[in-house]
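User: I've got this model open and I'd like to learn how to read its features. Could you walk me through it, beginning with how two helices meet?

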Amino acid sequence: ESNFLILMLAAVLLVGQQHGDEPAGAEALLVLAQQLAGADLAPLLQKVDVIVLARANPDGADLGVRRAANGLDINRDHLLLRTPEALAQSRLMGEFRPVVVVDSHEHTVVGRYLEKFGAIQRNDLLLQYAMTANLPPAITRASEEWFRQPLLQALKVEGLTAEWYYTNPTNPTDLRLSMGGAQPDTARNVHGLKNTVSILLESRGVGIGRLHLQRRVHSHVVALKSILASAATHADALVALKRDADAQTAASACSGEVTVLAAQTTQQREILMLDPVTGADKAVSVQWHSSLTLRPLITRARPCGYWLAAGADDAVQRLQALGVQVQRLRTATALQAETWREISRVEGARPDVRGALDDGHAVRLVQVQVAHEDTRLAAPAGSWYVSLAQPLALLAVAALEPDSPSSFFANRVLADLAAAARVTAKPPAESLP
């Protein structure tokens with residue numbers, strides 16, 4: 001019987017059409033797959049493996065609607081995993097462990113921009129990489145220097161325009177523009193917390209059907225080819241970057257601080273749009289909420305891990321689906337811990353979405369306020385321990401700190417704060433498998 005050694009290259013995952021009414025990304029990925037199979041791009045496959053998920057929301061694509069069949073926004077479900085589509089992407093991430101992930105979308109052309117600014121969108125592509133609390137700085141530097149800068153140059157050569165990704169609030173009198181949010185639940189940010197270079201592309205297409213589809217697809221193809229070329233150029237360095245980020249994250253358990261909640265910084269900016277009558281450039285001065293620099297609002301000491309009650313099966317299964325390692329305590333043990341008590345809960349509209357869903361219910365942001373109490377926790381055998389001495393520790397922080405904006409408790413995955421605690425000293429070795 002022969003034994004075969006399969007040599008895995010640095011992997012790049014390309015995802016299209018998470019929102020069903022945004023077709024250009026899926027079409028571009030089909031073009032790219034054809035070119036990868038032919039002479040044009042085949043040499044890149046000597047440096048990188050490419051996984052193409054062209055249509056991540058097949059039900060929405062079939063119906064021409066944004067959401068998944070169960071009514072949820074897939075792109076804001078990558079921490080909670082309530083949709084089978086987000087769960088499938090998480091499994092792909094676990095199987096191939098890509099060093100780069102690209103998420104191809106489309107942005108609104110007219111909408112509230114005409115109402116608020118008397119203008120329409122100008123840019124062929126809006127771009128952003130992962131920007132959320134606790135990201136390794138080296139991942140951010142690589143995203144900017146190795147990928148975004150060459151991408152901008154590639155677009156310029158083709159006569160295509162680009163800007164940072166941004167949205168605007170539903171309130172017609174609110175003239176703010178905000179870069180994609182810092183919440184750790186979008187594909188862009190969750191993949192970043194998995195220590196990958198994670199890039200969002202948004203072509204100029206929402207609300208105009210298939211108008212100008214060729215240019216929209218071309219914009220994605222140009223950007224995707226640039227990203228693949230950059231990934232091939234830096235393939236070995238990207239593998240080392242991810243390995244180092246994984247190791248540094250795991251080594252940081254029980255020390256330093258983590259940011260639980262962060263906010264964008266505000267400045268005044270001029271954005272180029274188009275005059276809807278003449279088509280000429282129109283400069284619009286806006287209050288700009290930037291995700292390039294985030295302001296920590298809640299920070300606390302990084303724990304050694306988290307304890308979960310034996311009955312917290314839903315939370316455990318979702319953590320495992322994210323790739324987070326969860327251990328069952330072999331023996332009853334006393335844990336040095338902090339428990340939580342809920343003080344308040346506020347729900348509001350998300351600042352990083354286009355607005356209401358089709359049924360009129362806005363995508364919500366839940367913010368919980370809690371108090372902490374040091375305790376000696378009697379943890380029974382069969383309950384769970386989530387160590388932060390692992391590469392995906394920061395996903396556990398986002399999921400299990402109850403006042404994190406996308407936490408399991410805020411979103412009722414964990415029904416009771418008594419079912420979880422922060423563990424501030426390592427459990428005895430004999431209690432763990």
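Analyst: Sure. Let's take the pair α5 and α7, whose crossing is right-handed. Keep in mind that this is a predicted model.

User: How far apart are the axes of α5 and helix α7, and at what angle do they cross?

Analyst: The axes of α5 and α7 (residues 213-233) come within 9 Å, and they cross at roughly 140°. That angle makes α5 oblique to α7, because only angles over 145 degrees count as roughly antiparallel.

User: Which residues of α5 meet α7?

Analyst: On the α5 side you'll find W146, F147, P150, L151, A154 and L155. Across from them, α7 brings S219, V222, A223, S226, I227, S230 and A231. Sorted by class, the contact has ten nonpolar residues, three polar ones and no charged ones.

User: Okay, now sheets. What is the strand order in the open sheet of six strands?

Analyst: When you read a sheet, write down the order across it, then look for the edges. Here the order is β2-β1-β3-β8-β4-β5, and the pairing is mixed. The edge strands are β2 (48-53) and β5 (162-164), each pairing on one side only. On average, neighbouring strands of this sheet are turned by 25° against each other, direction ignored.

User: Where does α5 sit relative to that sheet, and which strands does it touch?

Analyst: Helix α5, residues 137-157, packs on the sheet and touches β3 (100-108), β4, β5 and β8. Its direction makes about 165° with that of β4.

User: What do "mixed" pairings look like strand by strand? Say, in which sense do β4 and β8 pair?

Analyst: Strand β4 (residues 125-129) and strand β8 (residues 197-206) pair in the antiparallel sense, over five bridges. To find that pairing on screen, look for Q128 standing opposite L200 in β8, or for L126, whose bridge partner in β8 is E202. With β3, strand β8 pairs in the parallel sense, over nine bridges. A handy marker there is E106, whose bridge partner in β8 is S203.

User: And is β8 mostly covered or exposed?

Analyst: Mostly covered: ten of its ten residues are buried.

User: There's also a sheet of four strands. What is its order?

Analyst: Same routine. That open sheet runs β6-β7-β10-β9, again with mixed pairing. Its edge strands are β6 (166-167) and β9, each of which pairs on one side only.

User: How many bridges join β9 to β10, and which way do the strands run?

Analyst: There are 17 bridges between strand β9 (residues 257-274) and β10, and the two run antiparallel. One pair to look up is V258 with its bridge partner R300 in β10. The hairpin of β9 and β10 has six residues between the strands, and G279 there takes a positive phi near 80°. As for strand β7 (residues 177-179), two bridges join it to β10, and these strands run parallel. In that pairing, L177 has W288 as its bridge partner in β10.

User: Let's zoom in on a single residue. Where is A301 placed, and what does it touch?

Analyst: For one residue, I'd ask about its element, its exposure and its contacts. A301 lies in strand β10 (residues 281-301). It counts as partly exposed because its relative accessibility is 47%. Leaving out residues up to four places away in sequence, A301 touches G256, E257 and R422. It is also worth checking sequence distance against space: A301 and A253 are 48 residues apart in sequence and 9.9 Å apart in space, C-alpha to C-alpha.

User: You mentioned a positive phi. What is the general rule for residues other than glycine?

Analyst: Most residues other than glycine have a negative phi. So a positive value is something to look up when you go through a model. Two cases here are N195, with phi near 65°, and R412, with phi near 70°.

User: Where are they, and is each one buried or exposed?

Analyst: N195 is in the loop between α6 (187-193) and β8, and at 2% relative accessibility it counts as buried. R412 is in the loop between α10 (393-400) and β16 (420-423). R412 is exposed, as its relative accessible area is 54%.

Terms used:
Residues numbered from 1 in each chain as written. Predicted model: local features only at pLDDT ≥ 70, side-chain atom pairs only at ≥ 80, totals over all residues. Heavy atoms only, no water. Pairing = 2+ DSSP bridges. Axes fitted to C-alpha atoms, helices over the stretch in contact; angles between N-to-C directions. Contact = heavy atoms within 4.5 Å. Parallel < 35°, antiparallel > 145°, perpendicular 65-115°, else oblique. Left-handed = near helix turned anticlockwise from the far one by under 90°. Nonpolar A, V, L, I, M, F, W, Y, C, P; charged D, E, K, R; others polar. Buried < 20%, exposed > 50% of the residue type's maximum accessible area, 1.4 Å probe, protein only.
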